[in-house]
Amino acid sequence: MLSVRNLHVSVAGNKILKGLNLEVRAGEIHAVMGPNGAGKSTLASVLTGREGYEVTDGEVWFEGNDLLALSPEERAGKGIFLSFQYPVEIPGVSMANFMKMAVNEQRKYRGLPPLSAAEFLKQMREKAKLLELDASLISRSVNEGFSGGEKKRNEIFQMAMLEPALAILDETDSGLDIDALRIVAGGVTSLKKPDNAAIVITHYQRLLDYIVPDFVHVLADGHIVKTGGKELALELEEKGYEWLAD
Amino acid sequence: MNGLPIDALLPPAHPLKAGGNEPPYTRNDGIRLGMADNGFMLCTPEKTKAAQPVRIIRTSDHNACNNIITMEAESCADVLLVYPRLSGKISGNNDLTEIHLKENAVLNLIFLQDTESIPRLQTKTVVRQASGSRMTVHYATLSGEYVRNELHVNLDGSHAEHQAYGLAFTEGSEYAGYEVQITHTSPECRSNQLFKQILSGTSTGSFSGKVTVNRNAQKTAAYQRSSNILLDLKAKMTILPHLEIYADDVKCSHGATVGQLNNEALFYLRSRGIGKIEAKKILLLSFLEETIKNIKYQYIKDKITQKLIQKMEKNH
């Protein structure tokens, strides 16, 4: 599904990723862990097309498409979703309008007719329930006045609405209390299907108690230094990251 | 409306003089009055309520208009002043509107300016509000080579309230400027100024806002905010916020910002599948929304939004 080969990325002239390789197949959950500054968020940004990241070498293929040649909206159309570490507040735009536009733009990209208003509202209600979000969310402005936990739940709510093929969760656990963490992780787990995949970027092992990964990768100094199963996360929790640097 | 109160025909008794601040009329106003070749007078008798909004279309066949709105106690009206696109032969328009709100009168005034072909449009509005009166003014400057709106308000009776909103979207070499002066001469009045501009191309804009709170105007609440977005490197915005406070028990604030479109917000929308141009439109409209949300006529809001969208599509 996703193939990252020898990826080199610079930000404002600083080399952040230095030859990263990653293969993700349908049905898999990959956890990317690592110390601060290792390049975890850079990986998320480059995969989704945030501006300011210069790819100096390497390539990324997503379901047969040269991902790096696509705009952020085209990548969304192809089925890539980013759960933001810091979701943005957009005053004056209601969640309902925002999601309606997003869902229908993606459907248009895939050659599907727009959802009917009734069907859309039904889905909004169902998915809001899944994330234990209050129904009033639909008429509120995007993320405006949301608590930290609500913002993160709102990210996963959007993921539920958009049903992406590949979801990238960038530090979705940061700033969450244990209840919010359980809700967010429960949402992600229930959206898991054999034909989709997820990359879970996290600093702590905590989230992986709830979202069980198939693979754990350790990203340090711009490339993946170790790959293992879910038990690797526990080992990291115990020993920290230093032992891998040697 | 039936009947004209006689005093409405008399020149106003220096609306701002009670404040003892800026002289209310300048030499330019003399020119305005001297050149005035048209105008309207609107008077609402006591305790009347205009059932329909009064819509006044300002054609461009006149150099200057001198307008008077006098609202007797407890009367209520909505007035829409439209400056449409007309192929006038006159190079400039210069209007003076004097407004008197008596006790508890309520006025909603909307300036809709989409002049395009008039090279120069200047308006000055001088308001005096008696106690308990409420006025809301909305300016929407949608096009025009040079548009400058001045608003002078004197809150001259306790519990009077004034809300002033303005928006402008300029492109090419257009200029849009606002100058607002609100003087609190009586206690327990409220005023609020919210002005937002979007500038593209080499267009320029200005906002000069002043709040004066006189010594006896205790318990005043006065707020002022100017936020602006520059879409291009060569666009330029000048902001001059002033507060002059002589009373000690007041709540006042002012804020001014000039910035660019929020790139992270743009990326947020695009990452959900919304195209770049569409995403920009959404963000710009959401930026201006605050300045029109209190307009109670949906068709006016739609008209403003439509024109803004047209302009955005030209300037993405």
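In what follows, Ala, Val, Leu, Ile, Met, Phe, Trp, Tyr, Cys and Pro count as nonpolar, Asp, Glu, Lys and Arg as charged, and the others, Gly among them, as polar. Every view below comes from a predicted model.

**Figure 1. The largest pocket draws its lining from chains A and B.** The volume of this pocket is about 450 Å³. Its lining has 20 residues, and the closest to the centre are Gly92(A), Leu285(B), Ser286(B), Glu289(B) and Thr305(B). Sorted by class, the lining holds 9 nonpolar, 6 polar and 5 charged residues.

**Figure 2. Elements of both chains frame the largest pocket.** Chain A brings β7 (90-94) and α3 (95-109). Chain B brings α3 (276-292) and α4 (298-314). Each of these elements supplies at least two lining residues. The biggest share comes from α3(B), with 8 residues.

**Figure 3. Chain A is built from 8 helices and 12 strands.** Its C-alpha atoms fill a box of roughly 55 × 40 × 35 Å along the principal axes. The radius of gyration of chain A is 18 Å, in agreement with the value near 18 Å for a compact globule of 246 residues. Buried residues account for 53% of the chain. Take the contacts in chain A with a separation of 6 or more: 70% of them involve residues 24 or more positions apart.

**Figure 4. Helix α1 of chain A is largely enclosed by the rest of the structure.** This helix covers residues 40-48, and 8 of its 9 residues are buried. The buried residues are Lys40(A), Thr42(A), Leu43(A), Ala44(A), Ser45(A), Val46(A), Leu47(A) and Thr48(A). Just after the helix comes Gly49(A), with a positive phi of about 90°.

**Figure 5. Asn6(A) has a positive phi in a strand of chain A.** The angle is near 50°, and the residue is not a glycine. Asn6(A) belongs to β1, which spans residues 2-11. Its relative accessibility is 34%. Partly exposed covers the range between 20% and 50%, so Asn6(A) falls in that class.

**Figure 6. Chain B has 4 helices and 16 strands.** Of its 316 residues, 56% are buried. Among contacts between residues at least 6 apart in the sequence of chain B, 86% join residues at least 24 apart.

**Figure 7. Glu188(B) takes a positive phi in a loop of chain B.** Phi is near 60° in this residue, which is not a glycine. The loop runs between β11 (175-184) and β12 (190-199). With 39% relative accessibility, Glu188(B) counts as partly exposed.

**Figure 8. Cysteines of chain B stand apart from one another.** A disulfide is a covalent bond between the sulfur atoms of two cysteines. A search of the whole structure finds 0 of them over all chains. Cys189(B) is in no disulfide, and the nearest cysteine sulfur, in Cys252(B), lies 12 Å away. Cys189(B) is also buried, because its relative accessible area is 0%. For Cys76(B), the closest cysteine sulfur is that of Cys43(B), at 16 Å. That is too far for a bond, because a disulfide needs the two sulfur atoms within 2.5 Å.

Methods
Residues numbered from 1 in each chain as written. Chains lettered and ligands numbered in written order. Predicted model: local features only at pLDDT ≥ 70, side-chain atom pairs only at ≥ 80, totals over all residues. Heavy atoms only, no water. 1 Å grid on protein atoms, 1.4 Å probe; cavity = no way out; pocket = protein on both sides within 12 Å on 5 of 7 lines; lining within 4 Å. Points joined across faces, edges and corners; volume = space filled by probe spheres on them. Buried < 20%, exposed > 50% of the residue type's maximum accessible area, 1.4 Å probe, protein only. Rg over C-alpha atoms; globule rule 2.2 N^0.38 Å. Contact = heavy atoms within 4.5 Å.
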